[in-house]
Each structure stands twice: as structure tokens, then as C-alpha cells.
Amino acid sequence: MKVSNFKFQISNLFVAKYITMFLLVVILLLGAFFRLYKINEYMTFLGDEGRDMLVVKRMIVDHKFTLLGPITSVGSIYMGPVYYYLMIPFLWAWNFNPVGPSVMVALLAVATIYLIYKLGKDFFHVQVGLIASFLYAVAPLMITSGRSSWNPNVVPFFSVLLIYSLLQIIVAGKYKWFVVLGLSLGILIQLHYVTLMFVPVIALCLYLKRYKFPLKNYLTALGAFIISYSPFLLFELRHSFVNMQAVFRFVLQQKTDA
């Protein structure tokens, strides 16, 4: 009787596993369909997108590489160039058609769906992962932003990757994720300055961690951050931190106006 019950439980586990895999594949295909179907007709292509295409075109054709990214909407403050470098292979593969970078954004959006599933499954429950990934896959706002080439549109992928790596560190105690944490943060700050909010969150989580890590792990994360942030950091070093000075001036002006 015990043997038969054991076999029954094993069979149930296999059935549950395959059902979960089937549902995940359906969710991913659904998310991909909503983002890639007629993407050339639904994608946005305005002034910002045209500017980015011209910059990347000069990088590919004229080999004029840049250490600066897009300008922000709050004055002469620039972001890092990481998004331009992400665009290069897709703009080249699509023969300089703007659809290429939009496909890149769509693929990263589908990858975000999978990361959300992994996060929910690994740290909560498999049902949490499936429900959360499904809601993200069909959310109208996420669909719209997931099929147009614009640097903030890939923030969700790297944000979920950062959160997942942080949970791997503080919950599972896996020190190898410090590298991913540092790389993700360096990329995020170049995509949009609002992601600076992750800095105090990371600091607080590591301070309240369950596991004690050697100093070398924190240095590893710092090194990974410097590597991914290095293009913009090199520009700032060569130009006396002109961009950071502009950020401080903007913040001080806002306080003065208030």
C-alpha cells in the first residue's frame, strides 16, 4: 500500500511538472505574440527613436563610438550609452531598419516574463510565478512599451534580474549572484536615473541579510558595477564629471525654487 501511494505521488509530481511547463510555454508564447505580431505597424517611432537610430548608425558605419547616452528631459544631463550598444547587433541584423531594435525590446520583454515566473516560483510558489508572469504578459501597458525601441522600455528586464539576484544573495545565500547584482545596477542607472532608487534598497537588504559574506563578495559586486558602468564613468573622468555637476546643479535649483 505504501509503495502504491509513493508511485501515485511520483506520478502526480510528473503530471504537475508537465502541466506547469505547458502553462509557462503558453504564457511565453502569448507574451511574444502580443509584442511581436505586426511589430512594424504598432511600434512607436518619433524624435527620440530617430535620434537613437542615427547615433547607432554612426557607430556601425562610421565607427564613431560614444561614451554618452540619450539626453534627459531635465536639462543638459545625459544617461549612459549602454542602450546604444544593446541596439547595435539588432539594427545591423535588420539592415538599419528601426524594427530591429524594437524586436530586441520585445525579446527582452518576453525574457522578463520568464524571469518573473522564476522569481515567483523560486521564492514563493510555482502558482505565484505562473499568475504573476501571466498578468505581466497580458498587461496592456507592458505590451505597448514592450514593442518599441526606447531605453526605459528595457528597464523591467534588468530590474527583475537585479531583484532576483538580490533575493538569491539574501535569501538563498548564493554569493555568485553578487556579479549579476553589480552588472544589473550599472546597466540600470544608464537606462534611467529613476533606478537610482535601487541603491538604498540594495544597501538596506544587504545590511539586514541572513547570511554573512566576506568582503571580497562586496568588492566583486562593486567591480561588476564599475565594469558595466565604465563607458559613462570614463566620460565623466575625461570631462571633470561635467554630467554629475549638472545633476547636482539641477537638484540644488529644485530646492531653491521650492
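Lys118 and Asp122 sit four residues apart in helix 5, so about one helical turn separates them. In this predicted model, their side chains meet in a salt bridge, with 3.2 Å from N to O. An α-helix has 3.6 residues a turn, so residues three or four places apart point the same way. Side chains of opposite charge can pair when their charged atoms come close. Both partners are partly exposed: Lys118 has a relative accessible area of 22%, and Asp122 has 32%.

The structure holds four salt bridges. Among them is the pair Arg51 and Asp48, at 3.6 Å from N to O. These two residues lie in helix 3, which covers residues 47–61. They are three residues apart, again about one turn of the helix. Arg51 also meets Asp52 in a salt bridge, here at 3.0 Å. Asp48, Arg51 and Asp52 are thus linked in a network of salt bridges. Exposure varies within this network. Asp52 has 0% relative accessibility and counts as buried, because the cut-off for burial is under 20%. Arg51, at 25%, counts as partly exposed. Asp48 is partly exposed as well, with a relative accessible area of 35%.

The overall fold is helical. The chain has 12 helices and zero strands. From the N terminus on, every element in the run is α. Of the 258 residues, 41% count as buried. Contacts between residues at least 6 apart in sequence were also examined, and 70% of them join residues at least 24 apart. The accessible surface of the chain comes to about 14,900 Å². Carbon and sulfur atoms account for 71% of that surface.

Part of the surface is a nonpolar patch. Ile19, Phe22, Leu23 and Val26 form this patch, with about 360 Å² of accessible area together. Phe22 belongs to helix 1, which runs over residues 2–36. Its relative accessible area is 55%, so Phe22 counts as exposed.

Helix 11 departs from a straight course. The helix covers residues 215–238. A straight helix of 24 residues would span 34 Å at 1.5 Å a residue. Helix 11 spans only 30 Å between its end C-alpha atoms. A kink of about 70° lies at Ser230, shortly before the proline Pro231. Several side chains of this helix are aromatic and buried, including Phe225, Tyr229, Phe232 and Phe235. The buried residues of helix 11 also include Asn217, Ala221, Ala224, Ser228 and Glu236. Ser240 follows the helix and has a positive phi, near 55°.

Two further residues have unusual backbone angles. Most residues other than glycine have a negative phi. Asn95 is not a glycine, yet its phi is positive, about 55°. Phe96 is not a glycine either, and its phi is positive at about 65°. Asn95 is found in the loop between helix 4 (82–93) and helix 5 (99–123). Phe96 is also found in the loop between helix 4 and helix 5. Asn95 counts as exposed, at 62% relative accessibility. Phe96 counts as partly exposed, at 33%.

Notes. Residues are numbered from 1 along each chain as its sequence is written. This is a predicted model: local features need pLDDT of at least 70, side-chain atom pairs count only at pLDDT 80 or more; totals for chains, interfaces and linings use all residues. Side-chain values use heavy atoms; hydrogens and water are left out. Patches are made of residues with over 30% relative accessible area and no salt bridge: like charges are joined within 9 Å, nonpolar side chains (Val, Leu, Ile, Met, Phe, Trp, Tyr) within 5 Å. Accessible areas come from the Shrake-Rupley method with a 1.4 Å probe; for residues, only the protein chains shown count as cover. Buried means under 20% relative accessible area, exposed over 50%, partly exposed in between (1.4 Å probe, protein chains only). The expected span of a helix is 1.5 Å times one less than its number of residues. The bend at a residue is the angle between axes fitted to the seven residues ending there and the seven starting there. Contact means heavy atoms within 4.5 Å.
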